[in-house]
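Visitor: I should like a close look at a single part of this model, set in the context of the whole chain. Please take one strand and describe its surroundings with care.

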Amino acid sequence: MALPSVATLFVNTIDRRIEEVIKVDQNDETVLADEFGEYIVTASIKAQMVEMLGAYDQVRNRATEGVGVWVSGFFGSGKSSFAKLVGLAMANRSVGGIPASKLLAKAADDPKVAVLLKQITEHRPTDAVIFDVSTDRFVKAGDEPLTRIVYRLFLTHLGYARDLDLAELEIALEGEGRLASFEAEYFKIYNKDWNRNKSLPAFAINQASAVMNQLEPETFPSKDSWMRGAQNRADISAGLLAERCKLLMDRRRPGQNLVFVVDQVGQYVARDLKKMLDLQGIVKGLGQVGRGRFWIVVTSQEKLNELVAGLDDKRSELHRLMDRFPVQVHLEPADISEVTS
């Protein structure tokens with residue numbers, strides 16, 4: 001009599017592919033469905049999930065400037081999974097036709113999590129910008145300010161050009177109600193769709209300049225007038241980032257809140273005072289302008305207090321950064337043991 005295969009003892013097929021490392025910018029719906037299906041929510045993770053979702057949900061009744069969530073844990077602790085899947089659930093993104101909030105509620109198997117996600121999706125509709133600051137293709141250099149990186153990803157998420165000068169042109173034209181005219185003139189001249197070709201700044205900047213010459217010859221008398229006057233002048237500060245979040249969300253995502261999920265921030269700022277202050281400025285600006293409408297969730301191998309303590313005599317300059325992250329999630333090594341067992 002043949003013995004049953006060991007494989008029949010397991011709920012899932014044992015030869016299925018399991019991603020070794022969770023990539024927050026992986027958007028393939030099949031992969032996302034697997035990630036939700038494989039996600040193990042320990043008692044500790046569940047409690048911290050309730051705390052984070054509860055803090056986000058209660059803004060409905062009380063505005064706040066404390067809009068930062070710091071998710072820490074050793075390599076392999078699951079901090080990227082936590083931040084990514086909670087972010088997708090808050091945005092209620094469709095995964096294989098199923099709302100992400102329902103997938104996370106099923107994985108958590110907890111009535112508190114289910115209720116909070118239901119309240120968020122019904123009363124706090126949210127959009128999410130999720131990326132890994134250490135690997136994203138839009139990050140030009142390791143010393144690039146975090147403010148510019150976040151802004152550039154925000155722009156592309158909403159459908160604007162990734163080049164800041166081109167995006168500034170689109171924002172200005174859109175505000176004047178002339179963006180459609182610009183796109184029509186671009187098609188007339190180049191027989192191409194602007195939105196499909198603007199991702200190549202080397203060509204798009206010159207072409208946009210020629211279009212502006214046709215639209216406003218009195219302002220831009222030659223084909224390179226706009227290019228010479230605008231290129232590399234677009235700048236972004238933490239305060240302007242927050243103001244643009246409000247302006248552009250009202251334009252392209254009216255009625256929605258916004259959450260940034262930025263993986264590996266701790267590694268990126270890496271005890272660099274300038275970058276830490278830049279992060280502080282971002283959270284401060286989002287809190288002051290949005291009053292709870294705009295949130296930022298970041299991940300780090302180190303706890304926030306440990307990262308700040310590593311700056312020694314500069315600690316006092318970052319004292320307020322601690323207050324900007326009222327929700328601090330730390331995934332313990334015990335969680336790893338429980339998940340693997």
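**Strand S1 and its setting**

Guide: In this predicted model, strand S1 (residues 68–73) pairs with strand S6 (residues 294–300) in the parallel sense, over 5 bridges. Within this pairing, Val71 stands opposite Thr299 of S6. S1 is also joined to strand S7 (residues 327–331) by 5 bridges, and these two strands run parallel. Val71 again takes part here, with Val329 as its bridge partner in S7.

The burial of S1 may be followed residue by residue. Gly68, Trp70 and Ser72 lie on one side, Val69, Val71 and Gly73 lie on the other, and all of them are buried, so that both faces of the strand are covered. Because 6 of the 6 residues of S1 are buried, the strand is largely enclosed by the rest of the structure.

The chain around this strand contains 17 helices and 7 strands. Buried residues account for 48% of its 341 residues. Of the contacts between residues at least 6 apart in sequence, 76% join residues at least 24 apart. The chain exposes about 16900 Å², of which carbon and sulfur atoms supply 51%.

Helix H7 (residues 164–175) offers a second view of burial in this chain. Its buried residues include Leu164, Leu166, Leu169, Ile171 and Leu173, and also the acidic Asp165 and Glu170. Among the elements that cover the buried residues of H7 are helix H6 (146–158), H8, helix H10 (201–215) and helix H12 (238–252). At the N-terminal end of H7, Asp163 acts as a cap, with a side-chain oxygen 3.1 Å from the backbone nitrogen of Asp165. Just after the helix, Gly177 adopts a positive phi of about 75°. The 12 residues of H7 should span 16 Å at 1.5 Å a residue, and its end C-alpha atoms are 16 Å apart, which agrees.

A single residue elsewhere may be examined in the same manner. Ser101 is placed in helix H4 (residues 100–108). Because its relative accessibility is 9%, Ser101 counts as buried. Leaving aside residues up to four places away in sequence, Ser101 touches Ala89, Asn92, Leu117 and Thr121.

Finally, the confidence of the prediction should be noted. The chain averages a pLDDT of 88, and 84% of the residues score at least 70. Confidence is highest in helix H8 (residues 179–190), at a mean of 98, and lowest in helix H17 (residues 333–340), at 60.

Methods:
Residues numbered from 1 in each chain as written. Predicted model: local features only at pLDDT ≥ 70, side-chain atom pairs only at ≥ 80, totals over all residues. Heavy atoms only, no water. Helix = DSSP H or I, 4+ residues; strand = E, 2+ residues; numbered from the N terminus. Buried < 20%, exposed > 50% of the residue type's maximum accessible area, 1.4 Å probe, protein only. Contact = heavy atoms within 4.5 Å. Areas by Shrake-Rupley, 256 points an atom, 1.4 Å probe, with all protein chains shown as cover. pLDDT = per-residue confidence, 0-100. Expected span 1.5 Å × (residues − 1). Polar contact = N/O pair within 3.5 Å; in protein donor to acceptor, adjacent residues only side chain to side chain. Pairing = 2+ DSSP bridges.
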